Structures are given as C-alpha cells and as structure tokens.
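Hi everyone, thanks for making time for this. I'd like to walk you through one model, going from a single residue out to the whole assembly. Here it is on the screen.

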Protein chains: 2
Amino acid sequence: MSNDEKSSAMTISRRGLMLVLSSPSGAGKSTISKALLERDAEIIMSVSMTTRPMRPGEVDGKDYVFADQGIFDAMVKANEFLEHATVFENSYGTPKAPVEKTLSEGRDVLFDVDWQGTQELERNARDDLVSIFILPPSVEELERRLHGRAQDSDDVVKKRMAKATSEMSHWNEYDYIIVNENVDESVARVEAILAAERLKRIRQPGMLDFVRGMGVSQ
Amino acid sequence: MSNDEKSSAMTISRRGLMLVLSSPSGAGKSTISKALLERDAEIIMSVSMTTRPMRPGEVDGKDYVFADQGIFDAMVKANEFLEHATVFENSYGTPKAPVEKTLSEGRDVLFDVDWQGTQELERNARDDLVSIFILPPSVEELERRLHGRAQDSDDVVKKRMAKATSEMSHWNEYDYIIVNENVDESVARVEAILAAERLKRIRQPGMLDFVRGMGVSQ
C-alpha cells in the first residue's frame, strides 16, 4: 500500500449538508451566520434566485441570481427549485442544481429561510437537511434588540414583537435549538453541530471504500 | 420577572443521552473513553451487573455490580435490563433503573459494548441512544497496535486481526463514524457529537416551558 493510500483516512469523501438557521428577527441569527461563514471555509451561503429588480450595489450571482419571470416560472414547472415563494409579486427561490453540485463536492450550504422555507426544504431534501432554530435568551432581551435597531415607535416595536412571537411558535419543527445568550458561544454551538453532522455515517459515502480497503466485506 | 427567571436559559432542563462507543480491539476506544470521562463531568460510565466472581482489586458497584444468578435471572424475567448476555456461563447486563435515573437528571451515560449490545440497546432505547463506531486509520496501524500489546506470536495476532475485521463489518449500523488517526482529535470529535446531541430539540424537554415563558403558545 502506498503512502497515498495510507493517508486515505484524511480524505474520506463526504457528502455536504444543508444547514438551515431560522430565528425571529432580533435573535442574532445574522451575526451568527456571518461569523460561521468567516470561520468555516467548507460552508457557503446559498444564493437565491429572484425576479425582483436589482438594487444599486447588488451583484448578480452574489446577492441574488436575477432572472425574469418567464425563466423563473419555467423552472418552477420543471421542479428545479428546492423551495420558492412569491412576496409582493416578486418570486424568490433556491435552485436545486448549484446546491446539489456543492453537496456532491463535499461542501455545505447555509440557508437563511423562515419556517415555511424550512418545511419546503425538508419535503425536498430531508436527508441532507440540518435545521437549527435560534431563540433569544428572554422576551426582555428580544425587545431590547428590536428597539435598538432604530428610533422606532413603541407601536412599531409591538408589531415586531408580535411577529417574532409568531415566528418562535415554530421552534418545535427544528432538529436543534440554541438559546443565543452569547454570540461566541452560539457560534461554537453551531460549529459543534456542523462537526458532528459531518461525522454521521450517512454523510460519509467514502467510508465504504475505506473499510473495504481494510479487508472488511460488506 | 426576577433575575432568576431571566437567567433561565442557563438552566433549561435536558434529558441525558446514552453514548455508545464501539470499535475493534486496537482502534483506541479505551483511550478515547478515558479521556472523555476525565474531561466531561456530565457523562458517567455505565456499570454492568455480572454473575461472575469478583476478582482481587475489583470494587462492587464500581467495576461491576456483583449479583448471584437467581437475582440476575429474576431481573431478566422482569425486563429490567437494557441489554444482557451470557459469556462462558457468566451473565452480564445493564440494569435499566440507574441509567434512567441518570438520564432524567440530565446527565449522560457512556457504554462500552460491542455491536450486539448496541443492537439490543437500540431496540430498548432508540430515542436516547447515540452510537459511534471508531475505526483504525489503516490495517497496518491496527496490526501494529495489536502487535504492540505483548510479545505475541504471529498466529495470535492473525487471529486478533480476523476478529477485528469481523467486528469492523458492523460499522454501518452506527450513527457516527470516527477514524482514529489522532487521539486528541478523536476525543474532540466525540465531544462535538456530544455537544451537538445535547442541543437536539428532543433532548431539551425544558425548552417548552422556556418558550411558553416568552409568550409563545403551543
């Protein structure tokens, strides 16, 4: 056996996973996502397709893939989205092909979708999906964070709180729950979940060849 | 809301889990288990019950719970074992009650059982079980480790290798697979799996009260 083969344990091929982070506004999800993407080179952010006009400063293919409605509708008909939705006459969706390419290359894709998007991803890709719901440490802290965003009226904050409470009612549809008391700790927790999920047998398709190489018959 | 209630996120009650580490002899499981137990105060080693005579230096209740055959058989009949087996006329088993007590207190239990024991634990406690199979990095390394144990003849080592290969054929019955190239890294991987599994929604029964406390209706 060559040295290359001896070091095969280092290169056992894995299938990537789809990581969903959901939370109510103000729970700290964006901060956690950003830190994760900076620290982990093996996970990339999913890029959605949209039919809404490009805004100044946006980059096609980075912020969104911008497409016209005809193409979008044809892709819906061809079942080429993992999930899609229409908001205020604009369509948004996650095309399957680039996600599948990334997963098959052994890298992971991060999704920032709400509970409805998560449910649709789950229907279309349950085995690849790992879902995490992030909760604020308390109602008071959530209110403080929602206030902190701008000089908003109490009424606006009240509406945001009601929306956040409604979103939080879906916490029990997720695989993992993290209470975000401290950003660094929460990032470490997401990283532990990623590290563990990558070690799952079903995500290590190269393991079969590896054990066969040690004379184990299957 | 009092300060005690505000810090409730720190004390969301969790249900412990049953962690199984299995591997062929020589893959490094004992070293990993020992390090894990030293570093993590929230997990304790399962203590088996046995009918075999106590050996010099063994402590009843620590190494094993020593019991006579009558008691053991009565417990088998009463379905009071999570798994049990008879080896060379001696009976061994894991009593349910102390494991359930530990899990309900929010601590984890570590099991050192083979694939047969794992299958029986899985039948009796699937939701609480997390199973990890540890593989050696290569056949050559496994042989080196099995040789290193003593001045054994080639024939003895050959038999051990055959047994190890047979044990390894059960790798695909486990939730997670770790290739033990480096003990520190493998311990870190087991710790990541533990950290992740503790964050699973189903293992955080206290989360329901926590979200209710934030005004979320379920």
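Let's begin at Leu135(B), which sits in strand 8 of chain B, the strand covering residues 129-135. Keep in mind throughout that this is a predicted model. Is Leu135(B) buried or exposed? Leu135(B) has 24 C-beta neighbours inside 10 Å, so it counts as buried. The cut-off behind that word is 20 or more other C-beta atoms within 10 Å.

Which residues does Leu135(B) touch, once we leave aside its neighbours within four places in sequence? From chain B there are Ala27(B), Met168(B), Trp171(B), Ile177(B), Val179(B) and Asn180(B), and from chain A there is Val211(A). Take Met168(B) from that list: in sequence, Leu135(B) and Met168(B) are 33 residues apart, yet their C-alpha atoms are 7.4 Å apart in space.

Staying in strand 8 of chain B, let me move on to the nonpolar core. The largest one has 86 residues, and the members that touch the most other members are Ile132(A), Ile193(A), Ile132(B) and Ile193(B). If you click on Ile132(B) and ignore residues up to four places away in sequence, you'll find it touching Val20(B), Leu21(B), Tyr174(B), Asp175(B), Tyr176(B), Ile178(B), Val190(B) and Ile193(B).

Val190(B) takes us to a helix pair, since Val190(B) is one of the residues of helix 8 of chain B that meet helix 2 of chain B. In general, two packed helices are described by the angle between their axes and the distance between the axes. For helix 2 (residues 29-39) and helix 8 (residues 183-198) of chain B, the angle is about 60° and the axes are 10 Å apart. That makes helix 2 of chain B and helix 8 of chain B oblique to each other, and the crossing is right-handed. On the helix 2 side of chain B the contact uses Thr31(B), Ile32(B), Ala35(B) and Leu36(B), and facing them from helix 8 of chain B are Val183(B), Ser186(B), Val187(B) and Val190(B). Sorted by class, this contact has six nonpolar and two polar residues, with no charged ones.

Now over to chain A, where we can look at helix 2 and helix 8 again. Their axes come within 10 Å and cross at roughly 60°, so helix 2 of chain A and helix 8 of chain A are oblique to each other too. Helix 2 of chain A also passes helix 8 of chain A in a right-handed crossing. The residues involved are Thr31(A), Ile32(A), Ala35(A) and Leu36(A) from helix 2 of chain A, with Val183(A), Ser186(A), Val187(A) and Val190(A) from helix 8 of chain A. Here the split is six nonpolar, two polar and no charged.

While we're on chain A, a few overall numbers. Chain A has nine helices and nine strands, and 34% of its 218 residues count as buried. Along the principal axes, its C-alpha atoms fill a box of roughly 70 × 45 × 30 Å. Among the chain A contacts with a separation of 6 or more, 70% join residues 24 or more positions apart.

Last stop: how many residues does each chain bring to the contact between chain A and chain B? Chain B gives 37 residues and chain A gives 37. On the chain B side, the elements that give two or more residues are helix 6, helix 7, strand 9, helix 8 and helix 9. Helix 8 of chain B supplies the largest share, five residues. By class, the chain B side divides into 22 nonpolar, eight polar and seven charged residues.

Definitions and conventions:
Residues numbered from 1 in each chain as written. Chains lettered and ligands numbered in written order. Predicted model: local features only at pLDDT ≥ 70, side-chain atom pairs only at ≥ 80, totals over all residues. Axes fitted to C-alpha atoms, helices over the stretch in contact; angles between N-to-C directions. Helix = DSSP H or I, 4+ residues; strand = E, 2+ residues; numbered from the N terminus. Parallel < 35°, antiparallel > 145°, perpendicular 65-115°, else oblique. Left-handed = near helix turned anticlockwise from the far one by under 90°. Contact = placed C-beta atoms within 7 Å. Nonpolar A, V, L, I, M, F, W, Y, C, P; charged D, E, K, R; others polar. Core = buried A, V, L, I, M, F, W, Y, C linked by C-beta atoms within 7 Å. Buried ≥ 20, exposed ≤ 12 C-beta atoms within 10 Å, placed from the backbone.
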